Amino acid sequence: MDWKMLLVGKRFTVKEVLKKMDIGGEKILFVVDKGERLLGVVTDGDIRRYILRDGKLENSVSSVYNPAPIHLESGGYTSESAKKVMIEKKVEVLPVTDRKNKVIGALRWTYLYAAGEKTPAPKENISIPGV
């Protein structure tokens, strides 16, 4: 999917954001201003928690999105550093911005492993009960 499909304006309603997520099969969208500068991100989890707090679908996404998102600045990361951030923060997609905070792309977990690398195993011990 084209990364521009991940962009929404802060005036989008929560319902419009949900529809866009559903159509694109996305769990995250990037909230931008008219100059496509990153204002924040909104996830399906953010919306779920908002609805559980009796939030209205007709309200602006500005009442839901995270205004301090994790993002990568172009030229300021390596694939290894991006993988580390994604693992630590448990995210699948990160916005990539220029120095002026304009969104210029998106880095997906699947892109980092597209060359046939295996996804690293979790470093925590997981107890699985036997039956």
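User: Which helix and which strands each supply at least two residues of the lining of the largest pocket?

Analyst: In this predicted model, where local features need pLDDT of at least 70, side-chain atom pairs count only at pLDDT 80 or more, and totals for chains, interfaces and linings use all residues, strand 3 (38-43), strand 5 (93-97) and helix 4 (109-112) each do so. Residues are numbered from 1 along each chain as its sequence is written, and side-chain values use heavy atoms, without hydrogens and water.

User: What makes 109-112 a helix and 93-97 a strand?

Analyst: Helices are DSSP runs of H or I with at least four residues, and strands are E runs of at least two, numbered from the N terminus; the protein chain has 4 helices and 6 strands. Strand 5 gives the largest share of the pocket lining, 3 residues.

User: Why is this space called a pocket, and how many residues line it?

Analyst: The largest pocket counts as one because its grid points (1 Å grid over the protein atoms alone) form an open set with protein on both sides within 12 Å along at least five of seven lines, whereas a cavity is a set where a 1.4 Å probe fits but cannot get out. It is lined by 21 residues, with I28, K90, V91, E92 and V93 nearest its centre, and lining residues have an atom within 4 Å of a point. Its volume, about 440 Å³, is the space filled by probe spheres set on the points, which are joined across faces, edges and corners.

User: How much of the chain is buried?

Analyst: Buried residues (under 20% relative accessible area, 1.4 Å probe, protein chains only) make up 32% of the 131 residues in the protein chain.

Conventions: Buried means under 20% relative accessible area, exposed over 50%, partly exposed in between (1.4 Å probe, protein chains only).
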